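Open the model in your viewer and keep a selection prompt ready. Each stop below says what to select and what is there.

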Amino acid sequence: QNNFQQLKGCYGQLIEKYFVLLLEQIFGKDKVCKIQDQGPDAVVETDECLLVFEFTTEYYRFASLYNTTIVSFMKDIKRLLFNQGKNDRDGRDKKDKGKFLKLNEYLNHSTTQAKKIIPILVTENYLGDYDLLNQFDNILDKKIQENELANIRNNKPLILCLDDLEIFWALTNKTETASKFVKCCNAWDSAAKGMYMYVFSSFISSQDDAVITNDDYLKFFDYSAFWNNLISTGGDQK
């Protein structure tokens, strides 16, 4: 119990490594640029555009999800995406700025790019699609305007989760991933998202050719091999 916060920190570092691993599996290790210090968590440049990734393990508080009013939920959206830092009264003493504020800052260094820029927030758990969250009193549009996030306003961000990346990896092969990912992102932006429960992986899984074609994915998630290896190394005794 005394080391609980340390355990959470180690888990966060581990799951972030997994996030980068997924990007490398999808786009190729040489295509994923990991930015140090104050930059985005990853950048991928394709023939069509620049993909700017930010990752987080932060999530809603259970109290806000199960509250009978949406006040706590709206505050959590602000805390996660628009928190100004430690002095923000709704920031719960977190020093880290909200994820949309950070993405907006990252795009300041990318606006010289001639290519289209797609900012992408990837969450560990499902947070909600932009259009879904914005149904709550247009909170995203209003906060973007209020905080003068011009880069985000001009480059609508995607909100994906690790499940979305895993499913995309499963449904593509290495020769087509970059162009197909951009194509799927563009199609998702204009799709009737309610039909797919506002879930990106549900959308791409609904396509006619949505079959698992990636052998690396199948090998990585081969639980029988994992279990056999665990037993052979003595894990069954634990």
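**The sheet**

Select Ile120 and Leu158 to begin: Leu158, in β5, is the bridge partner of Ile120. The model is predicted, so to speak of local features a pLDDT of at least 70 is needed, side-chain atom pairs count only at pLDDT 80 or more, and totals for chains, interfaces and linings use all residues. Residues are numbered from 1 along each chain as its sequence is written, and side-chain values use heavy atoms, with hydrogens and water left out.

Extend the selection to strand β4 (residues 116–123) and β5, which run parallel and are joined by four bridges. Helices (H or I, at least four residues) and strands (E, at least two) are DSSP runs, numbered from the N terminus. Now show the open sheet of five strands, in the order β1-β2-β3-β4-β5, with mixed pairing. Its edge strands are β1 (32–33) and β5, each pairing on one side only; two strands pair if DSSP finds at least two bridges between them.

**Colour by confidence**

Colour by pLDDT, the predictor's confidence in each residue, from 0 to 100. The protein chain averages 89, and 93% of the residues score at least 70. Confidence is highest in strand β5 (residues 158–161), at 98, and lowest in helix α12 (residues 223–232), at a mean of 85.

**Helix α8**

Select residues 162–170, helix α8. Seven of its nine residues are buried, so the helix is largely enclosed by the rest of the structure. Buried means under 20% relative accessible area, exposed over 50%, and partly exposed in between (1.4 Å probe, protein chains only). Highlight the buried set: Leu162, Asp164, Leu165, Glu166, Phe168, Trp169 and Ala170.

**Thr177**

Phe168 leads to the next stop, since Thr177 touches Phe168 along with Ile26, Phe27 and Thr172, leaving aside residues up to four places away in sequence. Contact means heavy atoms within 4.5 Å. Thr177 lies in helix α9 (residues 177–189) and is buried, with a relative accessible area of 4%. For a distance check, pick the C-alpha atoms of Thr177 and Asn67: they are 41 Å apart, for residues 110 places apart along the chain.

**The cysteines**

How many disulfides does a search of the whole structure find? The search finds zero, a disulfide being a pair of cysteine sulfur atoms within 2.5 Å. Select Cys49: the nearest cysteine sulfur, that of Cys185, is 7.6 Å away. Cys49 is buried, at 1% relative accessible area. Then select Cys184, for which the nearest cysteine sulfur, again that of Cys185, is 7.0 Å away. Cys184 is buried as well, at 11%.
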